[in-house]
Amino acid sequence: FDQAAIEVRDASQPADLLTALPQVTGLPGNETATLGATARGDNASVSLRGIASSNTLMLLNGRRLVPHPISQGEAGVPTLSTNVNQLPNRGLERVEVLRDGASSVYGTDAVAGVVNYVTRRSFRGTELSLRYGVTRYGDGDEYRATLTHGLDFAQGRGRAMFVVDYYDRAAMYARERAFSA
């Protein structure tokens, strides 16, 4: 995904950004997997090519990210995987996906592949992004506000970028849909 594709996708959560890829076969740690029965807040993990999410290596600017402190079960096997929703949706230059196994380079946690979030190093200034959404049934209101700020310091020898994100989504109950009531 380059920056233009990220803007067009306009994902509400970082996990939603990756679901556009055909190699992402599921979000096994997401609350939608079992209609909220096993939801653990904002945690979401990515499964590349149907292999357990603990075998997909998540990187930020080429550096490994720690796994979420709570394990989850995938096909009866406990796994530790990175919470994708801790990554930003804004301030990104691109998202690189190595969809083939990379265990010879990165180790066993990259058997399914590697996802690398690359931040914008040349961003200077301030950007505010607002988003509102609602389902066609009038529920599930979704609010998102993101403030991105990039600056130079130390006479241009250093750069910093801050991304502050607020996200709120109202509940959608299965009992309020005709197909699941």
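# Questions about a predicted model

Visitor: How many cavities of 30 Å³ or more does a search of the whole structure find?
Guide: This is a predicted model, in which local features need pLDDT of at least 70 and side-chain atom pairs count only at pLDDT 80 or more, while totals for chains, interfaces and linings use all residues. Residues are numbered from 1 along each chain as its sequence is written, and side-chain values use heavy atoms, leaving out hydrogens and water. A cavity is a set of points, on a 1 Å grid over the protein atoms alone, where a 1.4 Å probe fits but cannot get out. With a lower limit of 30 Å³, the number of cavities found in the whole structure is one.

Visitor: Which helix gives the most to the lining of the largest cavity?
Guide: The largest cavity has a volume of about 50 Å³, a volume being the space filled by probe spheres set on the grid points. Among the residues that line this cavity are Q3, I6, E7, R90 and R120, where a lining residue has an atom within 4 Å of a point. With three residues in the lining, the helix (a DSSP run of H or I, at least four residues) that gives the most is α1, residues 3-9.

Visitor: Which strands stand at the edges of the open sheet?
Guide: The open sheet has four strands in the order β4-β3-β8-β7, with mixed pairing; a strand is a DSSP run of E, at least two residues, and two strands pair if DSSP finds at least two bridges between them. A strand with a single partner has one side left without a neighbour in the sheet, so the edges belong to β4 (63-64) and β7 (92-98).

Visitor: What is the bridge partner of E96 in β8?
Guide: Strands β7 and β8 run antiparallel and are joined by six bridges. In β8, the residue that forms a bridge with E96 is N116.

Visitor: Which elements give two or more residues to the largest nonpolar core?
Guide: A nonpolar core is a set of buried Ala, Val, Leu, Ile, Met, Phe, Trp, Tyr and Cys residues joined through side-chain atoms within 4.5 Å. The largest has 16 residues, and L17, L18, M58, V84, V95, V115 and Y117 have the most contacts inside it. The elements that each give two or more residues are α2 (14-18), β7 and β8.

Visitor: Is T119 buried or exposed?
Guide: T119 lies in strand β8, residues 113-119, and, not counting residues up to four places away in sequence, touches L60, N61, G91, L92, E93 and M161, a contact being heavy atoms within 4.5 Å. Buried means under 20% relative accessible area, exposed over 50% and partly exposed in between, with a 1.4 Å probe and protein chains only. Because its relative accessibility is 15%, T119 counts as buried.

Visitor: What is the phi of N61?
Guide: N61 is found in the loop between β3 (56-60) and β4, and counts as partly exposed at 30% relative accessibility. Its phi is positive, in a residue other than glycine, with a value near 55°.

Visitor: How far apart in space are V46 and T56, C-alpha to C-alpha?
Guide: V46 lies in the loop between β1 (24-26) and β2 (47-48), and is buried, with a relative accessible area of 2%. V46 and T56 are ten residues apart in sequence, and their C-alpha to C-alpha distance is 7.2 Å.

How values were computed. 1 Å grid on protein atoms, 1.4 Å probe; cavity = no way out; pocket = protein on both sides within 12 Å on 5 of 7 lines; lining within 4 Å.
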